[in-house]
Amino acid sequence: MKSIEHVPVRIIRMRAEGDPISGMSPWEKLSHTGVIAGEPTQRRCRFYIADRKIPGQVRVGIWEATAYTEKIVNYPKDEFMHVIEGSVTIIEEDGRREIFEKGDSFFMPCGFTGLWQQDEPMKKYFMVFDAYDSGD
């Protein structure tokens, strides 16, 4: 009988400045098709990426972007977010507005349609579950 090599599962410390050795990724153009205002750039650090036994992928990390507004149609993933710096206003299709600032947490479910209005640079922790490849 072959033995199976055990890989330890460890707790992951997430730092606001990114990975302690490599930091954050270089700044790059944010290429979402729904951007309607601004010319945003983004950078990130993915602390954890895992394919699960069920279809989909879990990613955990930190993301930062300059100011912009985006029309979101049928958001392709479930995402939990915690704002570290800056703020964002989420405007739902019916006009309901929620402002999330430093220290606030929120969840954007797959299928959400509305407006992401970010009037200043923002940094957030995120946990994403993609049921399929969303291209992010």
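The exercises below work through the fold, the charged pairs and the aromatic rings of a predicted model.

**Exercise 1. Describe the secondary structure of the protein and state what share of its residues is buried.**

Solution. Begin with the elements: the secondary structure comes to zero helices and eleven strands, and read from the N terminus the order is therefore β-β-β-β-β-β-β-β-β-β-β, each element being a DSSP run. Turn next to burial, where 38% of the 136 residues count as buried. For the surface, the protein exposes about 8800 Å², of which carbon and sulfur atoms supply 53%. Finally, consider the contacts between residues at least 6 apart in sequence: 66% of these join residues at least 24 apart.

**Exercise 2. Establish how many salt bridges the model holds, and work out which parts of the chain are linked by the pair Glu28 and Arg44.**

Solution. As a starting point, side chains of opposite charge can pair when their charged atoms come close. The cut-off needed here is 4 Å between a side-chain nitrogen of Lys or Arg and a carboxyl oxygen of Asp or Glu, and by this rule the count comes to seven salt bridges. One of them is formed by the side chains of Glu28 and Arg44, with an N to O distance of 3.5 Å. This pair links distant parts of the chain, since Glu28 lies in strand β1 (residues 28–29) and Arg44 in strand β3 (residues 41–51), 16 residues apart. To classify the two partners, recall that buried means under 20% relative accessible area and exposed over 50%, with partly exposed in between. Glu28 has a relative accessible area of 37% and is therefore partly exposed, whereas Arg44, with 14%, is buried.

**Exercise 3. Classify Glu92 and Arg96 as buried, partly exposed or exposed, and name the residues that salt bridges link into a network.**

Solution. The side chains of Glu92 and Arg96 meet in a salt bridge of 2.7 Å, N to O. Glu92 counts as partly exposed because its relative accessibility is 27%, and Arg96 is also partly exposed, with a relative accessible area of 42%. As for the network, the residues linked by salt bridges are Arg43, Glu64 and Lys123.

**Exercise 4. Determine where Lys124 and Glu79 lie in the chain, whether they are buried or exposed, and what surrounds each of them.**

Solution. First, the bond between them: the side chains of Lys124 and Glu79 meet in a salt bridge of 2.8 Å, N to O. The pair links distant parts of the chain, with Lys124 in strand β11 (residues 122–130) and Glu79 in strand β6 (residues 78–85), 45 residues apart. Next, the burial: Lys124 is buried because its relative accessible area is 5%, and Glu79, at 3% relative accessibility, likewise counts as buried.

Then take the surroundings of each residue, leaving aside neighbours within four places in sequence. Lys124 is in contact with several residues, including Gly61, Ile62, Trp63, Met81, His82 and Trp116 as well as Glu79. Its charged end also sits over the ring of Trp63, 4.7 Å from the ring centre. Glu79, for its part, is in contact with Phe106, Phe107, Met108, Lys124, Phe126, Met127 and Val128. A polar contact of 2.3 Å joins the side chains of Glu79 and Tyr75, and another polar contact, of 2.8 Å, joins the side chains of Glu79 and Lys124.

**Exercise 5. Find how many aromatic pairs the structure contains, and decide how the rings of Trp63 and Trp116, and those of Phe100 and Phe106, are arranged.**

Solution. A search of the whole structure finds three aromatic pairs. Among them, Trp63 and Trp116 lie 6.3 Å apart, centre to centre, with 80° between the planes; planes over 60 degrees apart count as edge-to-face, so this pair is edge-to-face. The two residues belong to distant parts of the chain, Trp63 to strand β4 (residues 57–65) and Trp116 to strand β10 (residues 114–118), 53 residues apart. Both Trp63 and Trp116 are buried.

Phe100 and Phe106 form another pair, with 4.0 Å from centre to centre and 20° between the planes; planes under 30 degrees apart count as stacked, so this pair is stacked. Phe100 is buried, with a relative accessible area of 14%, and Phe106 is buried too, with 8%. As a last step, put the pairs together: ring pairs link Trp63, Phe100, Phe106 and Trp116 into a cluster.

Key
Residues are numbered from 1 along each chain as its sequence is written. This is a predicted model: local features need pLDDT of at least 70, side-chain atom pairs count only at pLDDT 80 or more; totals for chains, interfaces and linings use all residues. Side-chain values use heavy atoms; hydrogens and water are left out. Helices (H or I, at least four residues) and strands (E, at least two) are DSSP runs, numbered from the N terminus. Buried means under 20% relative accessible area, exposed over 50%, partly exposed in between (1.4 Å probe, protein chains only). Rings of Phe, Tyr and Trp (its six-membered ring) pair if their centres lie within 6.5 Å; planes under 30 degrees apart count as stacked, over 60 as edge-to-face and the rest as tilted. A charge sits over a ring if NZ of Lys or CZ of Arg is within 6 Å of the ring centre and within 35 degrees of the ring normal. Contact means heavy atoms within 4.5 Å. A polar contact is a pair of N or O atoms within 3.5 Å; within protein, one must be able to donate a hydrogen and the other to accept it, and residues adjacent in sequence count only if both atoms are side-chain atoms. Accessible areas come from the Shrake-Rupley method with a 1.4 Å probe; for residues, only the protein chains shown count as cover.
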